[in-house]
Amino acid sequence: MATLHTKSAARAMMAPAVIVLLVWMAVPLAMTLYFSTLNYTLYNPISTPFIGFGNYTYFLNDPTFLAALANTLILVIGVLAITVIGGILVALLLDQDFYGVNIVRLLVIAPFFVMPTVAALVWKNMMMNPVYGVIGQLLSSVGIPPVDWMTNVPLLSIIIIVAWQWLPFATLILLTALQSLSEDQKEAAEMDGAGALSIFWYITLPHMSRAITVVILIQTIFLLSIYAEILVTTQGGPGSQSTNITYLVAQQATSYGDIGAASAGGIVAVILANIVAIFLVRLIGKNLDA
Amino acid sequence: MARRVTTQKKIVTTILAWFVGLLIFFPILWTFLTSFKTELQAISIPPVFLNFDWTLENYETIQSQSNYFHFMLNSIYLSLGSTALGLIVAIPAAWAMAFSPTKRTKDVLLWMLSTKMLPAVGVYIPIYLLFVRFGLLDSRLGLIVVLFLINLPIIVWMLYTYFKEIPGEILEAARMDGASLGKEITQVLAPMAVPGIASTILLNVILSWNEAFWSLNLTTSNAAPLTQFIASFSSPQGNFYAKLSAASMLAIAPILIVGWFSQKQLVRGLTFGAVK
């Protein structure tokens, strides 16, 4: 009897959280799905005829969409490559014994707390500006002509900015994993005559593999939705060279008022994110002893 | 001899680590320095590092000319409001899942996590249209509700992992001693739950403060937080590096300090307990 009572109490305690999330997820998603089958623009919201997969075929044949899809993948993969490899190296460095380790940790983690619009504008103007930017001035002092980052290599510029924001996250998580590696194991390998490289390759890296997977999956979720960094730097341009799906969908809806096409784009983004989410949920579920 | 090698190695590591640390930190350091320069010094060629006339005029201009405090207050309202709402809904849920788990608890937790993975653009359009329809566009209340919903899964998860660590036997012992439910909660459980709740608040304030997609798309001026205020610097008129720097420092300083204090909780919260 008591357990029955506790059970219903527990259910009542969980209900608000479950209900609001269910509504938040299901209702708008269903509406997006519905809108994506309509010829629906904000300029003529009275007449919204059903056009089936029309928006999808329009979207999938639109060169801007294909460019945005490619840019989204390049952005995610580029940032992941830099942050994971960089994160492993920085974590290995911070795991060493040196003077001021706590202060250096604070310096390394700091970029993660910088809001996206600040990070993007500081990099665009004060680092990457071809005339006044620090990078341009450094390069020209050794005789290399400055690069107009935002015009000539817009996507790379955004990759660099976003990687700078996420490197601390990767480092912090990989460092946490490194610190749980027992010294005994490394010492035993050293006794057996293993070099530093083979210790890294056969002991440290496998130990970190789970943390690396977590970093990749969680970052991918966030990186698929990069928006502010593009908005305040290149606005997706020049042309559509730095437009990703998130930016394209927001633009379709707010600038062009094409609700139908934007919704189709949103559904494509949901499918992309789900592919990643399935792996992540499984991985975390395995680790959960509830 | 062996000892000397280790000291040498330690010095080399120290130099390398500080170099890497300062390199990563450099954009923030540079923004900090530039915020104390005049606009002319901010764009001088070659750049000045420390040898300039330090001035506070940019901070004064930011505060007097651009309604900085309006945006700052909005950021505070939005992050604290969404966090408070999140705690009210999440504490009972996490509590129930941690202390009376059923067969379905794990599925519910994972399902909540999966809602966090829904990309914003998947739900943005209906939300935007609903906001237009009900006049919620550029209102604090509307954005508070959205921020509450996007962060709720993280709050539930984080609280759950903390509550799980509270030993259930203590509860039983208290019950044996005849403690009432009220006493059980206020005198036994609350003190043990406070650190976890505090960490959750910190992480959620950081996430809400820096949230950009919804804040930029659902606000224009009235409810706009600092993210939107900084974005207004993206189309500059004339010399503005020093003012941009001052505004940036004002926008990131509070959260940078909060963040430095909550590094460990950050790992836990953002990995959903998968890495501790």
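Two residues are in contact here if their C-beta atoms, placed from the backbone, lie within 7 Å. With that in hand, let us work through this predicted model.

**Exercise 1. Find what share of the contacts in chain B with a separation of 6 or more joins residues 24 or more positions apart.**

Step 1. Start with the elements: chain B has 13 helices and zero strands. Read from the N terminus, every symbol in the run is therefore an α, as the order α-α-α-α-α-α-α-α-α-α-α-α-α shows.

Step 2. Now turn to the contacts. Among those with a separation of 6 or more, 80% are between residues 24 or more positions apart.

**Exercise 2. Decide whether chain B is spread out or a compact globule.**

Step 1. Compare two values: the radius of gyration of chain B is 24 Å, while the globule rule gives 19 Å for 276 residues.

Step 2. The first value is well over the second, so chain B is more spread out than a compact globule.

Step 3. For a picture of the extent, take the principal axes: the C-alpha atoms of chain B fill a box of roughly 75 × 75 × 35 Å. Of the 276 residues in this chain, 45% are buried.

**Exercise 3. Describe how the two domains of chain B meet.**

Step 1. Locate them: domain 1 covers 2-59 and domain 2 covers 67-270. Their C-alpha centres are 33 Å apart.

Step 2. Count the residues in the contact: domain 1 of chain B supplies eleven and domain 2 of chain B supplies eight.

Step 3. Look at the domain 1 side. The elements giving two or more residues to it are α1 (2-34), α2 (39-42) and α3 (57-65) of chain B, and α1(B) gives the most, with three residues.

Step 4. Sort that side by class: there are four nonpolar, five polar and two charged residues.

**Exercise 4. Work out where the largest nonpolar core lies relative to the domains of chain B.**

Step 1. Begin with its best-connected members. The core has 165 residues, and A:Ile173, A:Leu174, B:Ala94 and B:Val156 touch the most other members.

Step 2. Follow one of them. Apart from neighbours within four places in sequence, B:Ala94 is in contact with B:Val156, B:Leu159, B:Tyr160 and B:Phe163.

Step 3. Find the main contributor: helix α7 (residues 140-164) of chain B gives the largest share of the core, 17 residues.

Step 4. Domain 1 and domain 2 of chain B both give residues to this core, so the core lies between them.

**Exercise 5. Is helix α8 of chain B largely in the open or buried?**

Step 1. Helix α8 spans residues 168-176, and of these nine residues the number buried is zero.

Step 2. This helix therefore lies largely in the open. After α8(B) comes B:Gly178, which has a positive phi near 85°.

**Exercise 6. Characterise the side of chain A that touches chain B.**

Step 1. Count the partners: 84 residues of chain A are in contact with 85 residues of chain B.

Step 2. Helix α1 (residues 2-35) of chain A gives the most to the chain A side, with 17 residues.

Step 3. By class, that side holds 67 nonpolar, 15 polar and two charged residues.

Step 4. Add the record: an unreviewed UniProt entry places "transmembrane region" features in chain A, including one at residues 155-178. In the model, residues 155-178 of chain A are 100% helix and 0% strand, with end C-alpha atoms 32 Å apart.

Terms used: Residues are numbered from 1 along each chain as its sequence is written. Chains are lettered from A and ligands numbered from 1 in the order in which they are written. This is a predicted model: local features need pLDDT of at least 70, side-chain atom pairs count only at pLDDT 80 or more; totals for chains, interfaces and linings use all residues. Domain bounds come from an automatic or database domain assignment. Helices (H or I, at least four residues) and strands (E, at least two) are DSSP runs, numbered from the N terminus. Ala, Val, Leu, Ile, Met, Phe, Trp, Tyr, Cys and Pro count as nonpolar, Asp, Glu, Lys and Arg as charged, and the others, Gly among them, as polar. The radius of gyration is taken over C-alpha atoms; the globule rule is 2.2 Å times the number of residues to the power 0.38. A residue is buried if 20 or more other C-beta atoms lie within 10 Å of its own, exposed if 12 or fewer, and partly exposed in between; C-beta atoms are placed from the backbone. UniProt positions are given in the numbering used here, feature names are shortened, and annotations may be inferred rather than shown by experiment. A nonpolar core is a set of buried Ala, Val, Leu, Ile, Met, Phe, Trp, Tyr and Cys residues joined through C-beta atoms within 7 Å.
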